[in-house]
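Reader: I am still learning how to read a protein model, and I would like to look closely at one single part of this one. Could you take me through the whole and then stay with one residue, step by step?

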Amino acid sequence: MSETRVHLSKTEPTAYQALDAFSRTVGEICAANGIDDRLKELVMIHCSQLNGCAYCTRIHVDRAEAAGIDADTMMQIATWRESGVFSERERAALELAEAFTFISDEGVSDEVYNRVGSVFTEKEYAALSWACVSINAFNRVVVAGRYPVPARAPQAQP
């Protein structure tokens, strides 16, 4: 990962700023439509993990922690189907995240659409869908540009 790539956010900042503004709009849509930060961050982490985006995963793990998600829950996102820690809404959101991330496989299948749609209102479904679109766009920018994710300095113990 030491190869230097074009850094899209620096090379064409206007487009990146528009993507960032879009992301903020999506956050407002989520909040207005009943998608709390916990649910939104679970989706953001899962999409980022599926896309292999360590940079975005780190950002959203930090935000998830701020939203009150504990380490045990975060560690189980990748294995949500086998885990009992997620609510029905969280499970539906994680399934939708997978459908959007792997959209080229079969789109959002009728089975997924119907299952997720039975859990969320139309507004909630739309908000989560836009969240998936947003994070998948960021993941593509970051993964293609190989944005670095350096080790963090150890935190001092009290």
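Author: Of the 158 residues of this protein, which is a predicted model, 39% count as buried. The surface that the protein exposes comes to about 9,200 Å², and carbon and sulfur atoms supply 54% of it. As for secondary structure, the protein has 9 helices and 0 strands, and the radius of gyration is 16 Å, close to the 15 Å that the globule rule gives for 158 residues, so the protein is as compact as a globular protein of that length. Along the principal axes, the C-alpha atoms fill a box of roughly 45 × 45 × 30 Å. If we take the contacts between residues at least 6 apart in sequence, 72% of them join residues at least 24 apart.

With that background we can turn to the single residue, D72, which lies in helix α5, a helix that covers residues 71-75. Is D72 buried, exposed or partly exposed? Its relative accessibility is 45%, and because buried means under 20% and exposed means over 50%, D72 counts as partly exposed. The side chain of D72 makes a polar contact, at 3.0 Å, with the side chain of Q76. Another residue to find in the model is V85, which is 13 residues away from D72 in sequence, while the two C-alpha atoms are 8.9 Å apart in space.

Charge can be viewed over the whole protein too: there are 15 positive and 22 negative side chains, and the centres of these two sets lie 6 Å apart.

Notes:
Residues are numbered from 1 along each chain as its sequence is written. This is a predicted model: local features need pLDDT of at least 70, side-chain atom pairs count only at pLDDT 80 or more; totals for chains, interfaces and linings use all residues. Side-chain values use heavy atoms; hydrogens and water are left out. Helices (H or I, at least four residues) and strands (E, at least two) are DSSP runs, numbered from the N terminus. The radius of gyration is taken over C-alpha atoms; the globule rule is 2.2 Å times the number of residues to the power 0.38. Buried means under 20% relative accessible area, exposed over 50%, partly exposed in between (1.4 Å probe, protein chains only). Contact means heavy atoms within 4.5 Å. Accessible areas come from the Shrake-Rupley method with a 1.4 Å probe; for residues, only the protein chains shown count as cover. Lys and Arg count as positive and Asp and Glu as negative; His and the chain ends are not counted. The place of a charge is taken as NZ of Lys, CZ of Arg, CG of Asp or CD of Glu. A polar contact is a pair of N or O atoms within 3.5 Å; within protein, one must be able to donate a hydrogen and the other to accept it, and residues adjacent in sequence count only if both atoms are side-chain atoms.
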